[in-house]
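Here are my notes on the model you sent over. I have kept them to numbered points so that you can follow along with the structure open.

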Amino acid sequence: MAESESSAGLGRRTFVTGVVGLLGGIIAAVVGLPAVAYWLGPSLKKQESDAWVPLGPVENIPVDVPTLFSFTRTKQLGWERSATSYGVYVLRAGGQVLALSNVCTHLSCRVTWSPERDTYLCPCHDGHFARDGAIVSGPQPRPLDRFALKIEDGTLFVHIVEA
Ligand code: FES
């Protein structure tokens, strides 16, 4: 009889311990999974790697004069947020539109348009580029990079590809 009560007590105790453990596990899952998802979510998001950036109405861009447009794009990669500044020289000439990066292809200094010399000048190592981005003189290995562009409803867009 005493043995039976002891056996029943042990069974009840085991059952209660199991139920408490199960409830604890459920509560931990209910509270913990959203927290884990919250912390891991940003790092699992896929980052958009390219975009069409509007620069404004084409008709407002001066003809035959390289015109600089600047903008900054922010990117979220996991928990890290970074901002990248872009400079685009747009040239409207002969019914064509050209969009050049203002980043020198030598060591990435920023070039500026010099109307007096009719060239883009790089201040770092005296690199010179023609108005179409071709190399005139200097150590740069290739012409200025060109952005793909499109015109929609009179607005000029350049295509940005982010690494
Ligand atoms: S960085 Fe432009 S010429 Fe060197």
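The points below start with the whole chain, then take up the sheets, one residue and the core.

1. A word on what you are looking at: this is a predicted model. The protein chain holds one helix and ten strands. Read from the N terminus, the order of elements is α-β-β-β-β-β-β-β-β-β-β, with the helix ahead of the strands.

2. Two figures describe the chain as a whole. Of the 163 residues in the protein chain, 13% are buried. Among contacts between residues at least 6 apart in sequence, 47% join residues at least 24 apart.

3. Let us take the three-stranded sheet next. It is open, has the strand order β1-β10-β9, and its pairing is antiparallel. Why is one side of β1 and of β9 left without a neighbour in the sheet? Both stand at the edges and each has a single partner strand, so there is no neighbour on the other side. From one strand to the next, the twist averages 30°.

4. The pairings in this sheet are worth following residue by residue. β1 and β10 (residues 155–161) are joined in the antiparallel sense over seven bridges, and P57 has T155 in β10 as its bridge partner. On the other side of β10, strand β9 (residues 149–152) pairs with β10 over four bridges, again antiparallel. There, L149 has V158 as its bridge partner, and K150 stands opposite F157.

5. Please look at the turn that links β9 and β10. This hairpin has two residues between the strands, and D153 takes a positive phi near 50°.

6. L55 is a good residue to click on. It lies in strand β1, which covers residues 50–57. Is L55 buried or partly exposed? L55 has 19 other C-beta atoms within 10 Å, and a residue needs 20 or more to be buried, so L55 is classed as partly exposed.

7. The surroundings of L55 bring together separate stretches of the sequence. L55 and T155 are 100 residues apart in sequence, yet their C-alpha atoms are 7.1 Å apart in space. Setting aside neighbours within four places in sequence, L55 is in contact with F69, V88, V90, L156, F157 and V158. Of these contacts, F157 is the residue opposite K150, and V158 is the bridge partner of L149.

8. A second open sheet has four strands, in the order β5-β6-β7-β8, with antiparallel pairing. Its edge strands are β5 (112–114) and β8 (135–137), each pairing on one side only. On average, neighbouring strands here are turned by 35° against each other, direction ignored. Inside the sheet, β6 (residues 119–122) and β7 (residues 127–129) pair over three bridges, and Y120 stands opposite F129 in β7.

9. Finally, the core. Which residues have the most contacts inside the largest nonpolar core? They are V88, Y89, V90, A99, L100 and V111, in a core of 14 residues. The elements giving two or more residues to this core are β3 (80–93), β4 (96–101), β6 and β10. The largest share, four residues, comes from β3.

10. Y89 is one of those core residues. Leaving aside neighbours within four places in sequence, Y89 is in contact with P66, T67, L68, L100, N102 and W113. Among these, L100 is also listed with the core residues that have the most contacts. V88 and V90, likewise on that list, are among the contacts of L55.

Definitions and conventions
Residues numbered from 1 in each chain as written. Predicted model: local features only at pLDDT ≥ 70, side-chain atom pairs only at ≥ 80, totals over all residues. Buried ≥ 20, exposed ≤ 12 C-beta atoms within 10 Å, placed from the backbone. Contact = placed C-beta atoms within 7 Å. Pairing = 2+ DSSP bridges. Axes fitted to C-alpha atoms, helices over the stretch in contact; angles between N-to-C directions. Core = buried A, V, L, I, M, F, W, Y, C linked by C-beta atoms within 7 Å.
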